[in-house]
Amino acid sequence: MSKMILHYIFLFIILVLVQVVICNNISVMGLAIPFIFIYFIISMPLSVPVNWLLTLSFLLGLVVDIFGDTPGMNALACVTLAFVRRPVLSLYLSRGDEDYLSTLPSIGTFGFSLYARYTFTLVFVFCTLLFFIESFSLFNPAQLIGKIVMSTIFTFILILGIDSLLGRKREKRL
């Protein structure tokens with residue numbers, strides 16, 4: 001168990017560093033911004049108590065907010081993401097698939113189709129909330145929708161890549 005905790009501490013630190021140093025400085029066509037740090041929330045075991053997940057998500061968002069000079073936007077979006085994680089997964093599971101609720105979310109454990117729907121929905125929720133908070137108005141709806149869609153797709157592709165790389169290592173250790 002302590003090996004798993006060290007793995008998530010290391011993942012937390014690496015994802016925050018990559019987000020703050022690299023991803024916050026990337027903007028594709030002025031619209032798409034990758035938010036790879038949310039992979040930490042998406043990949044947490046489903047058996048983690050909700051209180052712990054909400055606390056860790058708040059800390060993750062707060063650290064990114066501190067380094068990104070965004071006043072609490074990421075913290076709010078991360079806590080919301082952690083809160084809706086289980087209900088989103090329940091949308092895609094049938095009644096007999098409750099055994100997924102005790103696994104690690106990854107392509108290897110969920111299968112590509114379920115994991116892709118789960119991840120895309122969570123990334124979409126995060127990007128929508130974050131950009132609505134950032135704009136705090138509907139002054140330019142075309143640009144807002146463009147940012148949401150492009151950032152969701154860009155982040156989704158990066159998270160699938162990260163999971164396919166890290167998922168293999170996790171499965172070998174288990």
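# Exercises on the predicted model

At 18% relative accessibility, K147 counts as buried, because buried means under 20% relative accessible area, exposed over 50%, and partly exposed in between (1.4 Å probe, protein chains only). The structure is a predicted model, in which local features need pLDDT of at least 70 and side-chain atom pairs count only at pLDDT 80 or more, whereas totals for chains, interfaces and linings use all residues. Residues are numbered from 1 along each chain as its sequence is written, and side-chain values use heavy atoms, with hydrogens and water left out.

**Exercise 1.** Place K147 in its helix and list the residues that it touches beyond four places away in sequence.

*Solution.* Begin with the helix: K147 belongs to α7, which covers residues 141-173; helices (H or I, at least four residues) and strands (E, at least two) are DSSP runs, numbered from the N terminus. Next, collect the contacts, meaning heavy atoms within 4.5 Å. Leaving out residues up to four places away in sequence, K147 touches G30, L31, F131, E134 and T152.

**Exercise 2.** Find out how many salt bridges the whole structure holds, and describe the residues involved.

*Solution.* The criterion is a side-chain nitrogen of Lys or Arg within 4 Å of a carboxyl oxygen of Asp or Glu. A search of the whole structure with this criterion finds one salt bridge. Its partners are E134 and K147, whose closest N and O atoms are 3.7 Å apart. The two residues link distant parts of the chain, with E134 in helix α6 and K147 in helix α7, 13 residues apart. As for exposure, E134 counts as partly exposed because its relative accessibility is 40%, whereas K147 is buried at 18%. In general, side chains of opposite charge can pair when their charged atoms come close.

**Exercise 3.** Work out which parts of the chain are tied together by the aromatic pairs F12–F40 and F120–F156.

*Solution.* Rings of Phe, Tyr and Trp (its six-membered ring) pair if their centres lie within 6.5 Å, and planes under 30 degrees apart count as stacked, over 60 as edge-to-face and the rest as tilted. The structure holds 10 aromatic pairs. One of them joins F12 and F40 edge-to-face, at 5.3 Å centre to centre with 85° between the planes. F12 lies in helix α1 (residues 2-21) and F40 in helix α2 (residues 39-43), so this pair ties together parts that are 28 residues apart in sequence. Both partners are buried, F12 at 18% relative accessibility and F40 at 3%.

F120 and F156 also form an edge-to-face pair, with 5.3 Å between the centres and 90° between the planes. Here F120 lies in helix α6 (residues 112-135) and F156 in helix α7, so the parts tied together are 36 residues apart in sequence. F120 counts as partly exposed at 35%, while F156 counts as buried at 14%.

**Exercise 4.** Compare the span of α6 with its expected value, and then look at the residue just after this helix.

*Solution.* The expected span of a helix is 1.5 Å times one less than its number of residues. With 24 residues, α6 reaches 34 Å from its first C-alpha to its last, which is close to the 34 Å expected at 1.5 Å a residue. Just after α6, F136 takes a positive phi of about 55°.
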